[in-house]
Amino acid sequence: MRHCSPKPWVVGHSYGGWVTLHAAKAYGDELGGVVTVDSAVLPPELLPDKPWQPPPRKAGAPSAEALLARFKLMPEQPVENGYLVDYIGPQSIRKEGGLYVWKDDLQRFMKAEPHTNFRDDMSKMLRFLKCRLAIMYGEKSEHFADGRVLRHMQTETQVSPPGGEQYTPIIGIPEAHHHIMFDQPLQLIVALRSVLAEWQRQSEVTLTVHTALTSSKRTGAVSAPVARL
């Protein structure tokens, strides 16, 4: 990614948003920005004492059809566009030991770095990000039903501005639950395009200014100080 131009953007949903935040903290200087989609960062008082332990995997099924009969969204929610679920279900299956099982990795939480203080580490996931951040969430998502969650996330971006930016957009998607891409896909696309278009514009302005300053240094011209938009 070090040689990509322009720098790539990363969008992560739910647990994928947490992974995206870790990428922004570790490799943010190589990214143009990251977007989390309904990835709640809870205040300490709403967090458990210990990391969440996944339940044992249910037994596989003798056929893909039998396994698909058990397929549902977690957390469950109304689905306006069932054809999207019908498409994703079959893509989420693999064969293992003669049975059909889900592709998800139940050990993903175990593979994360160990926490010295779980509540403190998890509640401060928005701190020390090395690139821009945009936060999107479903206005009907159960993960944001408690108003303390959004207030906490707003405060954290002010305490430690992602990428040093003065403003971090926080966008609620109307009528959307946790799985926003299933019930409000077009609204999500519009929100993403709007944020990414603005980041692209800012990157182009920064590149233009950098080129102009480099040129002025070579020619000896005097330039007025320019701040990043």
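Start by selecting Arg201 in this predicted model: its relative accessible area is 35%, so Arg201 is partly exposed. Now add Glu198, whose side chain meets that of Arg201 in a salt bridge, with 2.7 Å from N to O. Glu198 is partly exposed too, at a relative accessible area of 30%. Both residues sit in helix 7, which covers residues 185–219, and because they are 3 residues apart there, about one helical turn separates them.

How many salt bridges are there by this rule? The count comes to 7, and the tour calls at two others.

Next, select Glu156 and Arg127. Their side chains also form a salt bridge, again given as N to O, at 2.7 Å. This pair links distant parts of the chain, with the two positions 29 residues apart: Glu156 belongs to helix 5 (residues 147–159), while Arg127 is in the loop between helix 4 and strand 5. Are Glu156 and Arg127 buried or exposed? Both are buried.

Stay in that loop and move along to Phe128, which lies between helix 4 (118–123) and strand 5 (133–138). Check the backbone here: phi of Phe128 is near 65°, a positive value in a residue other than glycine. That is worth a pause, because most residues other than glycine have a negative phi. Turn on the surface and you will find Phe128 exposed, since its relative accessibility of 62% is over the 50% cut-off.

For another positive phi, go to Asp38, where the angle is near 55° and the residue is again not glycine. Asp38 is placed in the loop between strand 2 (33–37) and helix 2. Why does Asp38 count as buried? Its relative accessibility is 1%, and the cut-off for buried is under 20%.

Now select Met74 and Pro75 and look at the peptide bond that runs from one to the other. This bond is cis, with omega near -5°. Most peptide bonds are trans. Pro75 itself is found in the loop between helix 2 (64–68) and helix 3 (82–91).

Finish with Arg94 and Glu96, where the side chains meet in one more salt bridge, 2.5 Å from N to O. Glu96 is partly exposed, with a relative accessible area of 42%. Arg94 is partly exposed as well, and the value for Arg94 is 29%.

How values were computed
Residues are numbered from 1 along each chain as its sequence is written. This is a predicted model: local features need pLDDT of at least 70, side-chain atom pairs count only at pLDDT 80 or more; totals for chains, interfaces and linings use all residues. Side-chain values use heavy atoms; hydrogens and water are left out. Helices (H or I, at least four residues) and strands (E, at least two) are DSSP runs, numbered from the N terminus. Buried means under 20% relative accessible area, exposed over 50%, partly exposed in between (1.4 Å probe, protein chains only). A salt bridge is a side-chain nitrogen of Lys or Arg within 4 Å of a carboxyl oxygen of Asp or Glu.
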